[in-house]
Amino acid sequence: MAIPLKYNVRSLLVRRVSTAMTGGGIALVVCVFVIVMALVAGLNSAISDTGDPDNLIVLRKGATTETYSAIQLDQFDAMKFLPQIRREASGEVDASPELPVQALMERTGGGRDNIVVRGVLPIALKVHPKVKIIEGRMFNPSVNEVVVGKGLQGHYANMQLGSTLRFGRGNWKVVGIMAADGGSFESEVWGDIHNVQDDAQRGAYYADVRLKLAPGADNAALIRRLADDPRINLQAETEADYYKDQAVVANQMRVLGMIVAVIMAVGAIFGAMNTMYAAVSSRTTEIGTLRALGFAPIAVMTSFLLESLVLAVAAGVVGILLAMPINGLSTTFGNFVTFSTLAFSFRVTFAIVIEAMIFAAVMGMVGGWLPARQAMKMPVVDALRSV
């Protein structure tokens, strides 16, 4: 016969101080775990959600990022008429040459960060369907006009509609605000590619080209064609694969966060263990009485494990609630892969909540295991002798 759970709950309520201190330690660990995982989820989403499944990114052979790539104009002219590339009803080819450069922007609280200024043509909005102008309009070609990502607003100066940005060798009027479903384009400034070329003195070349695949096109065949055609001789991959590689920083943050959480969890486990040992010691007579009433040793052990589990799960809920205000909070992060700043929002997902609850339960079970075994092995006579 199992010992009623209410017995364990009442025991926790009787030992309010030790229960609160142990629960507070577990709640703190869970809170830190949720915050770190929410940071990783937001960062990973901002990077990986940027890619479009129907897009290829074309780079110089051997280049790992846009920063280290260069594509000549004749290479672009040779590729844009390949049949696998989608065309608009007007006949315009959905091929977007792009030139991302880095510019120092002033933070609202002081200091400056590297922000990506991406030179594009108007066709970029067709190739990147997630990018939408939510305020103002698209920039006019051949003039110093830009649109800025909404993720930069609030973090950097002069990012409002109608403001004037100063970077490079000129002044740039903000004529639009763009959103990109939370992707990394929301951390960029877009302007006319020819203006960006002139301002950065980069010469007449592009860093990369984004291609929108035609319906039913064989992307593997197109990738081989781009590499094997002597007029082109470039490497290509899907945007999904490209941004998966760029998400290495998020994966490293996840590993670092798990290490920190495990180190803190060890301390919380010892706290739970001490609390449960104290509970076993102070309830020797109760244990003996339960055994005398006919409860089996395994029932006593299960009861104390459940008590530790209830404490940990309740503390886990508190920890999650303490971390919830971080959800949706916007911040910036220096991406060492692209050497630029990425704006993103913390994301507390349902999966993170479940992981946090499992994490708390594991701490409770590990912390309660040895004290529960001690309670199970306690001889009935010795336990009753302490009355």
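Student: By class, which residues make up the lining of the second largest pocket?

Tutor: That lining has 4 nonpolar, 8 polar and 4 charged residues. The model under discussion is predicted. The second largest pocket has a volume of about 240 Å³. Among the 16 residues that line this pocket, G182, E186, A343, F344 and S345 are the closest to its centre.

Student: Which elements each supply at least two residues of that pocket's lining?

Tutor: They are α2 (16–48) and β14 (340–345).

Student: What makes D113 count as buried or exposed?

Tutor: Its relative accessibility is 18%. The term buried applies under 20%, and D113 is therefore classed as buried. The residue belongs to strand β4 (residues 112–120). Apart from neighbours within four places in sequence, D113 is in contact with A103, L104, M105, R107, Y156 and T341.

Student: Why is the meeting of the D77 and K80 side chains called a salt bridge?

Tutor: The N to O distance for D77 and K80 is 3.7 Å. The cut-off for a salt bridge is 4 Å between a Lys or Arg side-chain nitrogen and an Asp or Glu carboxyl oxygen, so the pair qualifies.

Student: Are D77 and K80 buried or exposed?

Tutor: Neither term applies, because buried requires under 20% and exposed over 50%. D77, at 38% relative accessibility, is partly exposed, and K80, at 22%, is partly exposed as well.

Student: How do you know that R118 and E188 form a salt bridge?

Tutor: Their side chains meet at 2.7 Å, N to O, which is within 4 Å. The pair links distant parts of the chain, with R118 in strand β4 and E188 in strand β9 (residues 188–192), 70 residues apart. R118 has a relative accessible area of 1% and is buried; E188, at 6%, also counts as buried.

Student: What does the salt bridge between R210 and E239 tie together?

Tutor: R210 lies in strand β11 (residues 208–212) and E239 in helix α7 (residues 239–246), so the bridge ties together parts that are 29 residues apart in sequence. The closest N and O atoms of R210 and E239 are 2.6 Å apart. R210 is buried at 0% relative accessible area, and E239 is buried at 0%. Through shared partners, salt bridges join E66, E98, R118, E188, D208, R210 and E239 into one network.

Student: Which residues line the largest cavity?

Tutor: E239 is one of the lining residues, which also include T50, D52, H128 and K130. The largest cavity has a volume of about 50 Å³, and its lining has 5 nonpolar, 4 polar and 3 charged residues.

Terms used:
Residues are numbered from 1 along each chain as its sequence is written. This is a predicted model: local features need pLDDT of at least 70, side-chain atom pairs count only at pLDDT 80 or more; totals for chains, interfaces and linings use all residues. Side-chain values use heavy atoms; hydrogens and water are left out. On a 1 Å grid over the protein atoms alone, a cavity is a set of points where a 1.4 Å probe fits but cannot get out, and a pocket is an open set with protein on both sides within 12 Å along at least five of seven lines; lining residues have an atom within 4 Å of a point. Grid points are joined across faces, edges and corners, and a volume is the space filled by probe spheres set on the points. Helices (H or I, at least four residues) and strands (E, at least two) are DSSP runs, numbered from the N terminus. Ala, Val, Leu, Ile, Met, Phe, Trp, Tyr, Cys and Pro count as nonpolar, Asp, Glu, Lys and Arg as charged, and the others, Gly among them, as polar. Buried means under 20% relative accessible area, exposed over 50%, partly exposed in between (1.4 Å probe, protein chains only). Contact means heavy atoms within 4.5 Å.
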